[in-house]
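This report walks through selected features of one protein model with a bound ligand. Please keep the sequence and the structure at hand while reading.

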Amino acid sequence: VNIVFFSQEGTRLSNAGAFPQKLFNAMTVPVVSLLLVLLFHLSTPTIHGLSDSEAILKFKKSLVAGKPNALASWDDKTPPCTWTGVLCNGGSVWGLQMENLELSGSIDIDALAGLTSLRTLSFMNNKFGGPFPEFKKLSALKSLYLSNNQFEGEIPMNAFEGMGWLKKVHLAQNKFTGQIPMSIATLPKLLELRLDGNEFTGQIPEFEHKLHVLNLSNNALIGRIPESLSMMDPNVFQGNKGLCGKPLETTCDTPINEGRPKPSSSSRTPLVIMAVVTALTIVIIIGVIILVNCKNRNKQPPLGLETRPSSLQKKTGIREGDQGHRDRQQSSHGNVSRRGKKMDTAAAGVENTNLTFLREDRERFELQDLLKASAEILGSGCFGASYKAVLSNGASMVVKRFKQMNNAGREEFQEHMNRLGRLRHNNLLPIVAYYYRKEEKLLVCDFAERGSLAVNLHGNQSLGQPSLDWPTRLKIVKGVARGLLYLHQDLPSLMAPHGHLKSSNVLLTKNFEPLLTDYGLIPMINQVKAEEHMVAYKSPEYLQHRRVTKKTDVWGLGILILEILTGKFPANFLQDGKKSEEDLVSWVNLGFQGVWAPGLFDKEMGKTSHCEGQIVNLLKLGLSCCEPDVEKRLEIGEAVEKIEELKEQQEDSDDFYSTYVSETDGRSPKGVSIESINL
Ligand SMILES: Nc1ncnc2c1ncn2[C@@H]1O[C@H](COP(=O)(O)OP(=O)(O)OP(=O)(O)O)[C@@H](O)[C@H]1O
């Protein structure tokens, strides 16, 4: 990802001057990343580097075809896109639709992992048996069809972990047993799930996502049907004797046992024994851990281990300084500030040695824990680098260094951090803790799994990941707008409550919910540096009148919308020597006549039929937010209101979510054109 950004941000160095650490950072970060990528490739047991045809031919070796000549066309004399069941897009293999071929043998997932553009797999109506293959190695899959085979056994709970793009999972009419794996229920984009005709047991999990198609019939599921599924057709659940609650007519026994059939007293006894044994084991293990910890605490750290600089320490050169100890003393004296004013302890944050925590609800750790943790450079921004550090409890934290945060004194800084720490909104990444030293500050926050919007918009293709589709882009715009409105309402005293809104400062959760970061920092940043690097100071009003206003954030939102829709990186998409982000506005204005113009929009957005009107409306809105005349520009409230009115529209449209294979229409693989399908 960083390699991709090297060229983009590199241009930014010369264009917008967004990178402060200039050539050194620009060189070190990509080089480190390159090494990481190389390491990754060397250690990955898949067969990256094979051509599509080589990967498919390797895959073929694991198959046994019952139908004579079923795979006869698969040979290296012809291109793979002409082979039976191989679906291509732009010359790359995009899908395998191998149905009704009496196939058995095994499914060589490592060979399939060599198909970097693979998005859809269908092995329906064959004779595959054995356990559920490790499809999670194909993390970019959008649909998986395995119905009508003889797969058997329990599907591991984490079998679908990391498959964030998966929309359709059809496993009907197999012999799967055990519980429905939790990792299916938490898939962020799941729309269709068919598990009917298996032997699944246990309760139905709560699904994170609203499903368009669900069939759980003819299994051995028990217990209360989750509330979120209570409006579904009762046929979805038929043939499961132990299920109760709406939409079925069977009411559940008691709310306490959630309608689970009561275990008989004979079956309850072993359960009770197991519970007691488990509880005892846990108590013993905890006791041993506490004992060992107490002993270790009294020991000197082994020389050459603890005394060696830790990873983050090595990378950053940060050490726990004297300043930190002074913080600690202050904390123990009830947070008496240097001016002698006593600060409210809760509001001032709870100090844990020299990290100051801004949230009561977070597990405490110390700066030393962070410094000891193995660290990875995420990237280098205008004010310093950001590092990901994994704590010993497994939590991934991000430590961001700010070297130019010296516009305010210590006390003012603390007060400001406390103010930011009190903000609570679904679309804001909370600041968990901070570290203060005169020369530099560290802000600590959670690691966002999907990285930044910038990477998702401009970097995923090179990593073989699918790009963001229109509904996801709209969801992101809405979330950003909501977060921004909240900042404007809760930080009314700031001129530009965000001030640094750009795609690398919008992070994405597992469910593609956007989280704003680096907000509210303008008052803390050294004025000269802020003018040099921060987004608000690139606005037309600042360039023309040296003014930053509340509407400056609206302009930032507008630029972000244009970036999301066009896929153009604002700072470097033009090569003709223009300077500011306004260039993107001029480029859009030049090509936009108020109606749909395919050349303007990001092709990576995928199919957009039936949504064009909404996309055009959002583009118009983006342009209004970028209105150079501040007086004519929309207020933040108006902009957000208009954004909320926009619709995805694909949900009513069969075409957008059409399935190229359906178990009822029986179309042959060759009868479907790539244009007519969207998975
Ligand atoms: N909490 C986080 N989780 C995941 N990725 C993060 C997190 N914070 C930052 N990043 C990513 O790390 C990279 C470096 O971020 P950083 O904030 O240091 O610089 P930037 O956003 O590129 O520039 P600026 O300093 O102007 O904000 C960016 O790609 C950013 O999206």
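## A strand and its partners

Strand E3 and strand E5 (residues 120-122) run parallel and are joined by 3 bridges. Within that pairing, Leu96 has Leu121 in E5 as its bridge partner. The coordinates discussed here belong to a predicted model, and the statements below should be read in that light.

E3 also pairs with strand E2 (residues 86-89), this time in the antiparallel sense and over 4 bridges. In this pairing Leu87 stands opposite Gly95 of E3. The two strands E2 and E3 form a hairpin in which 2 residues lie between them, and Gly90, which sits in the turn, has a positive phi of about 60°. The two pairings of E3 are set out below.

| Strand paired with E3 | Sense | Bridges | Residue pair |
|---|---|---|---|
| E2 (residues 86-89) | antiparallel | 4 bridges | Leu87 and Gly95 |
| E5 (residues 120-122) | parallel | 3 bridges | Leu96 and Leu121 |

How many residues of strand E3 (residues 92-97) are buried? The count is 5 of the 6, so E3 is largely enclosed by the rest of the structure. As background to reading such a strand, side chains in a regular strand alternate between the two faces of the sheet.

## The chain as a whole

The protein chain has 679 residues, of which 39% count as buried, and its secondary structure comes to 19 helices and 24 strands. Of the contacts in the chain with a separation of 6 or more, 57% are between residues that are 24 or more positions apart.

## Two helices in contact

Helix H13 (residues 470-490) and helix H16 (residues 551-566) have axes that come within 11 Å of each other and cross at roughly 170°. Because angles over 145 degrees count as roughly antiparallel, H13 is described as roughly antiparallel to H16. On the H13 side the contact involves Arg473, Ile476, Val477, Val480, Ala481 and Leu484, and these meet Asp553, Leu557, Leu560, Ile561 and Ile564 in H16. Sorted by class, the contact of H13 with H16 holds 9 nonpolar and 2 charged residues, with no polar ones.

## Around the ligand

Which residues of the shell are the closest to the ligand? They are Leu378, Gly379, Gly381, Ser386 and Ser452, in a shell of 21 residues that surround the ligand. Strand E18 (374-380), strand E19 (385-390) and strand E20 (396-402) each supply at least two residues of this shell. By class, the shell around the ligand divides into 10 nonpolar, 9 polar and 2 charged residues.

Methods:
Residues numbered from 1 in each chain as written. Predicted model: local features only at pLDDT ≥ 70, side-chain atom pairs only at ≥ 80, totals over all residues. Buried ≥ 20, exposed ≤ 12 C-beta atoms within 10 Å, placed from the backbone. Contact = placed C-beta atoms within 7 Å. Axes fitted to C-alpha atoms, helices over the stretch in contact; angles between N-to-C directions. Parallel < 35°, antiparallel > 145°, perpendicular 65-115°, else oblique. Nonpolar A, V, L, I, M, F, W, Y, C, P; charged D, E, K, R; others polar. Near = placed C-beta within 6 Å. Pairing = 2+ DSSP bridges.
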